[in-house]
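Thank you all for making the time this morning. I would like to walk through one fold with you, beginning with a single side chain and working outwards to the sheet and its helices.

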Amino acid sequence: MSSALVVGYDPQAIPGVDGEALRAALDAELARFGEHGIDAAMVLIMFDESAESALVASLTKQLWDVVVVGGGIRKTEPLLPLFEQVVNLIRRHAPQAAIAFNTSGGDSVEAARRWL
């Protein structure tokens with residue numbers, strides 16, 4: 001079975017967003033991986049000192065075939081340093097994994113499948 005790790009920005013940390021509704025949508029997307037025969041997990045990080053340790057713990061939990069980096073991290077200009085940190089941590093701690101990018105929280109499966 002192929003494996004995928006989805007890295008996203010914690011919806012509870014986004015001002016003006018219904019964090020619970022966004023989290024429910026992310027959980028629904030995570031469940032879709034199983035429908036495609038992909039073992040998947042998600043790590044939600046914040047732009048603070050906890051990001052690195054949370055991401056490294058998830059990256060080293062198992063060997064991932066692909067790591068999908070979400071648009072919440074990638075598309076928000078003030079989070080550029082976090083995006084760079086995420087990409088470099090993936091390269092360092094999961095060098096065997098392809099890196100994929102979704103366009104929204106609803107197409108992470110398709111992003112992962114491009115590389116599986």
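Let me start with methionine 42, which touches Leu5, Val6, Arg23, Leu26, Asp27 and Leu30, where residues up to four places away in sequence are not counted and contact means heavy atoms within 4.5 Å. Before going further, I should say that this is a predicted model, in which local features need pLDDT of at least 70 and side-chain atom pairs count only at pLDDT 80 or more, while totals for chains, interfaces and linings use all residues. Residues are numbered from 1 along each chain as its sequence is written, and side-chain values use heavy atoms, with hydrogens and water left out.

Methionine 42 is found in strand E2, and when I name strands and helices I mean DSSP runs numbered from the N terminus, with at least four residues for a helix (H or I) and at least two for a strand (E). From methionine 42 to tryptophan 64 the distance is 12 Å, C-alpha to C-alpha, with their positions 22 residues apart in sequence.

Now to the sheet. The four strands form an open sheet with parallel pairing in the order E2-E1-E3-E4, where two strands are said to pair if DSSP finds at least two bridges between them. In general, strands of a sheet pair through backbone hydrogen bonds, either parallel or antiparallel. The edges here are strand E2 (38-45) and strand E4 (98-101), each of which pairs on one side only, and from one strand to the next the twist averages 25°, with axes taken as lines fitted to C-alpha atoms, for helices over the stretch in contact, and angles running from 0 to 180 degrees between N-to-C directions.

Taking the pairs in turn, strand E1 (residues 2-9) is joined to E2 by eight bridges in the parallel sense, and within that pairing alanine 4 has alanine 40 of E2 as its bridge partner, while valine 7 has valine 43. On to E3, E1 runs parallel to that strand and is joined to it by four bridges, with alanine 4 standing opposite valine 66. E3 and E4 likewise pair in the parallel sense over four bridges; here valine 66 stands opposite alanine 98, and valine 67 stands opposite isoleucine 99.

How many of the eight residues of E1 are buried? Seven of them are, which leaves E1 mostly covered, with buried meaning under 20% relative accessible area, exposed over 50%, and partly exposed in between (1.4 Å probe, protein chains only). In E3 both faces are covered, since Val66 and Val68 on one side and Val67 and Val69 on the other are all buried. E4, by contrast, has a covered face made of Ala98 and Ala100 and an uncovered one made of Ile99 and Phe101.

Let me turn to helix H2 (residues 50-59), which packs against helix H4 (residues 80-93) at an angle of about 30°, with the two axes 10 Å apart. On the H2 side the contact is made by Ala51, Glu52, Leu55, Val56 and Leu59, and on the H4 side by Leu82, Gln85, Val86, Leu89, Ile90 and His93. Those residues divide into eight nonpolar, two polar and one charged, on a scheme in which Ala, Val, Leu, Ile, Met, Phe, Trp, Tyr, Cys and Pro count as nonpolar, Asp, Glu, Lys and Arg as charged, and the others, Gly among them, as polar.

Which residues of H2 are buried? They are Ala51, Leu55, Val56, Ser58 and Leu59, and because they fall within an arc of 160° when seen down the axis of H2, they line one face of the helix, the arc being that of the directions from the helix axis to the C-beta atoms. These buried residues pack against E1, E2, E3 and H4.

Finally, is glutamate 20 of helix H1 buried or exposed? Glutamate 20 counts as exposed, because its relative accessibility is 64%. Its C-alpha atom is separated by 30 Å from that of alanine 97, which is 77 residues away along the chain.
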